[in-house]
Amino acid sequence: MHALPMTGLVLSGGGARAAYQVGVLRAIARIRRELQAGLPSTDNPFAVISGTSAGAINGAGLACQADDFDKAVERLVSVWAGFHADQVYRCDTLGLLTNGLRWMGVMSMGWAMRRLRPRSLLDNSPLGALLREVVPMHRLPSLLARRHLHALAISASSYSTGQHVTFYQSASPIPPWVRTQRIAAPTMLVHEHLLASSAIPFIFPATRLHHEGRGAWYGDGSMRQASPLSPAIHLGAKRLVIIGAGRAHQPQDDINDDPRYPSLAQVAGHAMASMFLDALSADIERMQRVNCTLDNLTAEQRAAHPLQPIESIVIAPSERLDEMASRHIHRLPRAVQLLLRSSGVRHGQRQGAALASYLLFEQSYTRELIDLGEQDGLAQREALARFLQPSEFTVARAQRLQASALVGLVPSA
């Protein structure tokens with residue numbers, strides 16, 4: 001069982017940028033070990049985990065090994081630190097050329113090439129195989145039943161209905177919620193939910209999911225996600241650790257008068273930033289305003305108010321990830337480099353590198369993101385320690401386990 005108030009973990013989307021989250025989680029695991037003072041505790045500190053897009057994959061990786069948080073984190077670190085793009089999407093010339101020609105054909109002569117119907121620019125079938133290898137979704141029901149986790153939420157966007165849907169699985173029944181253009185759906189979570197949530201529009205193909213007996217096609221959960229913090233709060237979290245993928249703490253741009261027309265890569269990168277980053281920033285500001293308003297009420301007024309304050313820690317990159325990505329573009333497979341170059345991405349140039357930062361699943365880049373995430377996480381050690389401080393129940397249980405282990409080592413007379 002988790003101590004009250006329950007702490008939730010919110011992991012945003014961002015493609016390859018989600019390697020940063022893994023670095024922050026590594027810092028959290030390190031801080032937590034220090035707080036445990038040598039006690040043998042492996043419990044998951046987050047009762048509720050809510051993830052979107054690549055954050056859904058990281059969140060599911062934690063949830064499906066919630067009985068050993070340190071092991072789950074190191075497993076994620078191992079995967080992200082050893083990444084190559086061909087583990088996520090086909091990088092061979094034939095695969096890229098086939099999809100590219102289909103798109104070009106439909107765009108130029110759509111009336112005559114209706115049968116081609118390309119589903120996406122890139123083929124992410126390798127990602128499906130990787131998820132089945134590294135995310136043991138079959139363990140989730142047991143871990144929920146044993147109270148290692150209270151709930152896991154994965155968000156996706158329906159191309160069929162236009163609704164944003166939060167699919168969730170919980171230890172005990174939680175009523176679904178309905179808001180404007182967004183709903184919640186209790187379900188048995190499977191790998192297809194992860195593929196749907198991480199299907200960046202146009203880049204990766206949609207995935208067909210079923211809800212209430214009806215099938216629909218779903219894409220990236222960051223689309224139309226008006227309130228990224230909402231699922232964790234609805235599922236019972238009163239405190240949130242929020243790990244973003246950009247903008248909140250990064251240095252501001254110098255404003256230059258650039259007469260050049262923006263490249264396709266710059267426009268695409270801007271669109272992705274709007275999808276992956278803006279909604280989270282806006283929702284955090286909204287939460288802070290609500291907290292400020294509640295602080296100005298009397299105790300009696302707060303008790304009667306339907307909204308309650310939410311404590312939070314926001315951890316986001318302290319460096320510009322597009323600038324970081326620009327240094328690693330040459331690490332991508334040659335065919336992918338050529339594809340990106342045609343849209344305006346150049347190695348060593350920040351213009352257009354934002355697009356590359358979401359697709360750069362290469363270990364030189366992801367390792368640098370992991371290191372930055374760990375650095376930024378440790379920089380908030382004091383704030384995180386308040387959330388991660390073990391309860392008296394956790395300490396007592398850990399001491400009992402330690403004593404039992406010692407008794408087992410003592411030989412009988």
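Here is a short chat about a predicted model and two annotated residues in it.

Me: What makes Ser53 and Asp220 worth picking out?
Reply: The UniProt annotation "active site", from an unreviewed entry, covers Ser53 and Asp220. They're spread over 168 residues of sequence, yet they cluster in space, with a largest C-alpha distance of 5.7 Å. Of these residues, Ser53 is included in the lining of the largest cavity.

Me: Why is Ser53 called buried?
Reply: Buried means under 20% relative accessible area. Ser53 comes in at 1%, so it counts as buried. As for its place, Ser53 sits in the loop between strand S2 (48-52) and helix H2 (54-63).

Me: And why does Asp220 count as buried?
Reply: Its relative accessible area is 0%, and the cut-off is under 20%, so Asp220 is buried. Asp220 is in a loop too, between strand S8 (214-219) and helix H8 (230-234).

Me: How do you know that Ser53 is in contact with Asp220?
Reply: Contact means heavy atoms within 4.5 Å. Leaving aside neighbours within four places in sequence, the residues in contact with Asp220 include Ser53, Ser157 and Met275. Seen from the other side, Ser53 touches Asp220, with Gly13, Gly14 and Ser222 also among its partners.

Me: What makes the contact of H3 with H14 4 nonpolar, 2 polar and 1 charged residues?
Reply: Val77, Trp80 and Ala81 in H3 meet Gln363, Thr366, Arg367 and Ile370 in H14. Val, Trp, Ala and Ile count as nonpolar and Arg as charged, while Gln and Thr fall among the others, so they're polar. That gives 4 nonpolar, 2 polar and 1 charged. The two helices pack at about 145°, with axes 8 Å apart.

Conventions:
Residues numbered from 1 in each chain as written. Predicted model: local features only at pLDDT ≥ 70, side-chain atom pairs only at ≥ 80, totals over all residues. Heavy atoms only, no water. Axes fitted to C-alpha atoms, helices over the stretch in contact; angles between N-to-C directions. Helix = DSSP H or I, 4+ residues; strand = E, 2+ residues; numbered from the N terminus. UniProt positions renumbered as here; feature names shortened; annotations may be inferred. 1 Å grid on protein atoms, 1.4 Å probe; cavity = no way out; pocket = protein on both sides within 12 Å on 5 of 7 lines; lining within 4 Å. Buried < 20%, exposed > 50% of the residue type's maximum accessible area, 1.4 Å probe, protein only.
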